[in-house]
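Subject: Structure for your review

Dear colleague,

Please find the structure below, together with its sequence. A summary of what was found in it follows, and I would be grateful if you could read the two side by side.

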Amino acid sequence: MSFLQPLISGILTGGVYALAGIGMSLVFGVMNISNFAHGDLMMLGMYLAFFAFTLLHIDPYISLVLIIPISFFFGYMMERIFINKVIHHPHQNQILLTIGLGLIMSNTALLAFTSDPKILTTTYSSSAFNPFGDVSVSVPLLLSFLITCAITIILYFFLSKTSTGMALRATSQNREAAQLMGINVAKMSAIAFGIGTALAATAGALIAPTYYIHPLAGHTFLLKAFTICVLGGLGSVVGAGVGGIIIGVVEAMSSTYLSSDWKDVIVFVIFLAVLLLRPQGLFGKKGGQ
Amino acid sequence: MKNKFVSIVAAALLAFPMLAHAAPVKIGFINSITGKEAQIGENLTNGAAMAIEDLKAKGIQVELVKEDDGGDPKNALAAYEKLVTRDAVIGVVGPYTSGCANVVASRADQYQVPLLVPAAAKEEITMKGYKNVFRLNAPANVYSQVLMDAVKAFKPKTIAFVYAATDFGVSTVKTAQENAAKMGLQEVANEKYQQGQPDYRPSLSKVKAANPDLVFLVSYDADAILLMRQAKEIGLAPKAFLGAGAGYTTAQFAQQTEISSLVVSATQWTDDVNWPGAADFGRRYKAKYAKEPSYHAACAYEAMRIMVETASKAKTAPKLRADLKAGSWNGILGPVKFADYAGFTNQNNHPMLVQQIQNGKYETVYPAQFSKKALVYPFKR
């Protein structure tokens with residue numbers, strides 16, 4: 001069997017992991033908060049895509065135009081109402097708050113949408129094409145990957161070229177100094193959380209056509225997002241992107257050449273090795289958190 | 001004042017024996033109402049609720065104490081202990097999953113309260129000689145046995161296994177391997193996977209490269225849809241997909257006609273089988289819940305009916321155990337008798353059915369005496 005098959009499917013799946021990881025990393029970088037509700041925000045994105053598709057008959061990829069602003073606003077308000085209350089508190093308080101918010105979201109979804117997994121079946125859900133011989137590439141996964149790349153590029157330019165983006169980075173580098181320079185750091189936190197939420201929801205919507213939609217589906221990805229963030233360096237957007245793809249490829253490769261039973265073992269061995277040899281993560285700044 | 005108190009006590013004393021006489025029998029029901037297995041759990045909840053209604057209509061009263069295990073063996077055991085110690089039930093129906101049922105079964109003899117397992121398939125549950133554990137459904141080895149019997153006539157040569165790393169998955173495949181060896185099938189791939197992953201393509205590509213005649217799958221719920229989608233995507237097309245239970249037998253799976261068509265699966269029950277009341281149960285269930293009943297619903301219905309009918313006569317746990325052991329029933333799951341055979345104790349030797357999805361509908365195709373349609377072989381897209 002071709003070596004290319006697991007490589008390609010790993011990179012494509014890794015793209016979606018990366019998007020989930022980038023959102024979490026951004027929030028950590030700017031606000032220094034570990035967001036344990038990230039997986040549940042992804043789940044909200046899945047349901048938004050599902051209902052846009054079933055009720056409004058909008059293709060899940062096109063529905064991103066709606067999902068991104070809705071989830072940004074949701075995240076922005078969530079920060080304003082809840083998260084900023086604990087921003088100067090010890091980490092355990094922040095963790096408890098985000099876990100609590102996540103539990104409220106997932107259990108509300110269980111009550112509202114029941115635990116029946118929903119399946120979003122588009123005309124291309126199980127279609128694939130064969131670019132090189134017998135290697136098959138999933139159409140929905142490729143579309144998701146391309147959208148992920150586009151969003152990452154837009155985010156990169158937003159962070160490096162716009163004044164809001166620069167203010168976000170300044171807040172991330174040194175919150176107190178940024179405030180002294182006249183940056184409204186409270187507003188930056190809300191924007192960062194809004195973007196983080198929008199990225200999580202986008203990741204959820206992108207995976208919806210190839211996965212199933214369930215109130216607890218986000219939990220699988222929460223752990224992955226954490227691993228990706230730490231692997232790439234907490235707070236590093238590029239690191240999270242690369243980390244996501246590494247995890248996707250390692251999973252696919254270890255399923256192919258060892259056994260899918262072992263793939264989590266391999267992922268966490270690499271994770272531990274990075275923590276031991278490069279505690280700041282692959283792209284993290286030395287001396288950072 | 002004192003006289004009044006005495007008269008109340010006297011009245012209470014007089015009333016009490018009558019109350020005790022009329023008091024309904026207390027039965028526990030452990031099920032996966034929340035958690036990963038909640039979708040199938042709902043079928044069990046509905047089936048059991050219908051049984052209770054039918055019994056009430058017949059004048060049999062029961063006090064049902066429901067417990068949720070969330071699909072977690074720890075919770076299932078805690079639920080069983082609570083039911084027998086605090087609620088003082090005389091019999092328990094459940095739990096649903098193999099993992100939960102196996103753990104609870106190991107304690108049933110300690111508490112001496114009969115446990116009737118409605119739908120868990122792991123063989124071990126009734127193989128340890130527990131006196132208080134009864135099982136209504138056929139164990140996991142029958143799933144693979146009946147599936148292979150159904151395709152035997154077409155003389156397949158090779159087989160690949162793809163299954164969830166759960167109690168049910170591992171135990172079903174273990175016996176399937178034995179059955180395959182007996183049939184002279186050569187195993188060409190063996191892929192165990194962790195549930196709930198987004199990407200099964202690497203495992204399925206390995207299976208495709210091995211080019212088996214039969215692909216034997218064990219998956220719960222939505223994983224079945226994911227696997228079949230990705231199988232179509234990478235172009236895996238064996239002569240037959242054999243799905244052992246759970247995820248391949250849900251209405252939701254059948255609706256995905258693009259990927260589910262012609263998939264063969266083993267089931268404990270269908271609504272077109274000629275067991276007394278089966279068709280009627282299917283109709284009433286659909287009318288009441290606006291959903292197709294899965295075999296789990298039928299198993300839970302029948303388990304609850306047998307448990308309550310027997311318990312309402314027996315009144316005590318030891319008598320209930322003796323009556324379950326001695327009795328025999330005939331209902332929507334066919335003839336039921338808890339017997340000791342082939343290493344099993346208190347196991348109902350339930351005949352399983354093989355069904356195939358044809359035009360988006362489950363059709364019984366094997367054994368011949370229960371089926372109207374023939375098996376379509378080989379599989380084609």
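How many residues of domain 1 of chain B are in contact with residues of domain 2 of chain B? In this predicted model, 14 residues of domain 1 meet 17 residues of domain 2. On the domain 1 side, helix H2 (38-57) and helix H4 (98-111) of chain B each supply at least two residues. H4(B) gives the most, with 3 residues. By class, this side of domain 1 has 4 nonpolar, 5 polar and 5 charged residues.

The two domains of chain B are each assigned as two stretches of the sequence. Domain 1 comprises 8-138 and 275-348, and domain 2 comprises 141-267 and 353-370. The C-alpha centres of the two domains lie 30 Å apart.

As to chain B as a whole, there are 13 helices and 15 strands. The C-alpha trace of chain B spans about 90 × 40 × 35 Å along its principal axes. For the radius of gyration, a compact globule of 381 residues would have a value near 21 Å, and the 22 Å of chain B agrees with this. Of the 381 residues, 56% count as buried. Contacts in chain B often link distant parts of the sequence: among those between residues at least 6 apart, 70% join residues at least 24 apart.

Turning to the contact between the chains, 28 residues of chain A are in contact with 30 residues of chain B. Which elements of chain A give two or more residues to the side that touches chain B? They are helix H1 (4-31) and helix H10 (237-257) of chain A. The side of chain A that touches chain B has 9 nonpolar, 15 polar and 4 charged residues.

Helix H1 of chain A can be described further. With 28 residues at 1.5 Å a residue, H1(A) should span 40 Å, and its end C-alpha atoms are indeed 40 Å apart, so the expected and modelled lengths agree. Is H1(A) mostly covered or mostly exposed? H1(A) is mostly covered, with 25 of its 28 residues buried. After H1(A) comes Asn32(A), whose phi is positive, near 60 degrees.

In viewing the model, you may wish to begin with the domain contact in chain B, where H4(B) gives the most residues on the domain 1 side, and then move to H1(A) and H10(A) on the side of chain A that touches chain B.

Yours sincerely

Note on methods: Residues numbered from 1 in each chain as written. Chains lettered and ligands numbered in written order. Predicted model: local features only at pLDDT ≥ 70, side-chain atom pairs only at ≥ 80, totals over all residues. Domains from an automatic or database assignment. Contact = placed C-beta atoms within 7 Å. Helix = DSSP H or I, 4+ residues; strand = E, 2+ residues; numbered from the N terminus. Nonpolar A, V, L, I, M, F, W, Y, C, P; charged D, E, K, R; others polar. Rg over C-alpha atoms; globule rule 2.2 N^0.38 Å. Buried ≥ 20, exposed ≤ 12 C-beta atoms within 10 Å, placed from the backbone. Expected span 1.5 Å × (residues − 1).
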